[in-house]
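Thanks for coming, everyone. Let me walk you through a structure you have not seen before. Take a look at the screen.

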Amino acid sequence: LLVNNAWVGMLCGADVRQAVTQKIYETASFAEYVIANKFVLDALNSNVEPVPIVSAQPTEPLMFGEAFRNFINEVGDRLVDKKVFELYSLKLLRDTAPVRYREAVAGILVVYSHIHEADLIPKNRGGEMDELFLYERDLAKLVTWYMVVDDWKQIVTYYKAPEPLVPLKNFLRAYAKEMPVMDDEPAAEKFIAFAQFLHEKQMFSSDVELLLFDESDGKFHWNQEYIGFLKEEINELKK
C-alpha cells in the first residue's frame, strides 16, 4: 500500500498517518518498534507513485520515493518547522496544482519525516519511551542513516547538536558488535569511506584509525584502543 498508494490514499481522504501509527503502536518491544519503523521507511523510500503536476520538467517522472529523499536532503534539521512541509509542496508542484494536491503532498511529507526520524509516536504498546528507549531509538536512527551514504550528513547533524543522547563511540561500538571482524570487503570499504567522511567533518581526531588491517589473516579489525572500553559507558546509561 505504501509503495503504490501512499499519496493517493492521502488525497482520497484515507488516514494514512493513523494507519502507520497503529502498525507501529502495536509493537510490544523496542526491537519490534525498530523493525516496524524500518519497514515503513523502506516502503516509502520505494514508493513508485509519480508526483503529479511537478513544477520542474524532468526527463523521467519523479517518483514520491525519490521526492521524499530529496526533501530530507534539502530540509535537513528544519523538520521541526511546520512551515517547511507546505513550502516544499509549493516548490514541488506547479502553481496550477489544486490546493488539495498540495495538502496531500504536505501531509505525506509529514508522515515520512516522522518515520525518517523514528518519532511518529511517543510510546508503543510495550510502554512509555523512557530514557533507555529513547537512547535505543536514537541508536536505531543512526544505524539506519549509516545504511544510506546520502544520509551520512544526518549523522553529522545529530552529533553537532548539543548533548546527543548516543555518544559517537557508542554508535561505533554498536556497529562493531554486529560485525566484529570486517571480513566482508564491500562492508569494510564502505566503513573506511565513512570513517574518512567523519575525519573530514572533524568528528574526531585525524590520528584515530577505527579499523586496523591484520596481515596475518588479511582482515580488518576494530581498533580496540578506541572501541573496546565503551561497555562501561553503555552500562552506566542503563543503570
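What volume does the largest cavity have? About 100 Å³. Keep in mind that this is a predicted model. The count of cavities of 30 Å³ or more comes to one.

Who lines the largest cavity? Start with Tyr33, Val34, Asn37, Lys38 and Leu41. Then come Ile115, His116 and Ala118. Arg137, Ala140, Lys141 and Thr144 are also in the lining. Three helices each give two or more residues to this lining: H3 (30–45), H6 (99–116) and H7 (131–147). The largest share comes from H3, with five residues. By class, the lining of the largest cavity divides into six nonpolar, three polar and three charged residues.

Now to the helix pairs. Two numbers matter here. Packed helices are described by the angle between their axes and the distance between the axes.

Stay with H3 and bring in helix H2, residues 16–25. The axes of H2 and H3 come within 9 Å. They cross at roughly 150°. Angles over 145 degrees count as roughly antiparallel, so H2 is roughly antiparallel to H3. Which residues of H2 and H3 meet? On the H2 side, they are Val20, Lys23 and Ile24. On the H3 side, they are Tyr33, Ala36, Asn37, Phe39 and Val40. The contact of H2 with H3 has six nonpolar residues, one polar and one charged. Notice two names from before: Tyr33 and Asn37 meet H2, and Tyr33 and Asn37 also line the largest cavity.

Next pair: helix H4, residues 64–75, and helix H5, residues 83–92. Their axes come within 12 Å and cross at roughly 120°. That angle makes H4 oblique to H5. The crossing of H4 past H5 is right-handed. From H4, the residues in contact are Ala67, Asn70, Phe71, Glu74 and Val75. From H5, they are Val84, Phe85, Tyr88, Lys91 and Leu92. Sorted by class, this contact of H4 with H5 has seven nonpolar residues, one polar and two charged.

Last pair: helix H8, residues 152–160, and helix H10, residues 185–200. At what angle do H8 and H10 pack? About 40°, with their axes 11 Å apart. That makes H8 oblique to H10. H8 passes H10 in a right-handed crossing. H8 brings Trp152, Lys153, Ile155 and Val156 to the contact. H10 brings Lys190, Ala193, Phe194 and Phe197. The contact of H8 with H10 has six nonpolar residues, no polar ones and two charged.

To recap: the largest cavity takes its largest lining share from H3. H2 runs roughly antiparallel to H3. H4 is oblique to H5, and H8 is oblique to H10. That is my tour.

Technical notes. Residues are numbered from 1 along each chain as its sequence is written. This is a predicted model: local features need pLDDT of at least 70, side-chain atom pairs count only at pLDDT 80 or more; totals for chains, interfaces and linings use all residues. Side-chain values use heavy atoms; hydrogens and water are left out. Axes are lines fitted to C-alpha atoms, for helices over the stretch in contact, and angles run from 0 to 180 degrees between N-to-C directions. Helices (H or I, at least four residues) and strands (E, at least two) are DSSP runs, numbered from the N terminus. Angles under 35 degrees count as roughly parallel, over 145 as roughly antiparallel, 65 to 115 as roughly perpendicular and the rest as oblique. A crossing is left-handed if the near helix is turned anticlockwise from the far one by less than a right angle, and right-handed if clockwise. Contact means heavy atoms within 4.5 Å. Ala, Val, Leu, Ile, Met, Phe, Trp, Tyr, Cys and Pro count as nonpolar, Asp, Glu, Lys and Arg as charged, and the others, Gly among them, as polar. On a 1 Å grid over the protein atoms alone, a cavity is a set of points where a 1.4 Å probe fits but cannot get out, and a pocket is an open set with protein on both sides within 12 Å along at least five of seven lines; lining residues have an atom within 4 Å of a point. Grid points are joined across faces, edges and corners, and a volume is the space filled by probe spheres set on the points.
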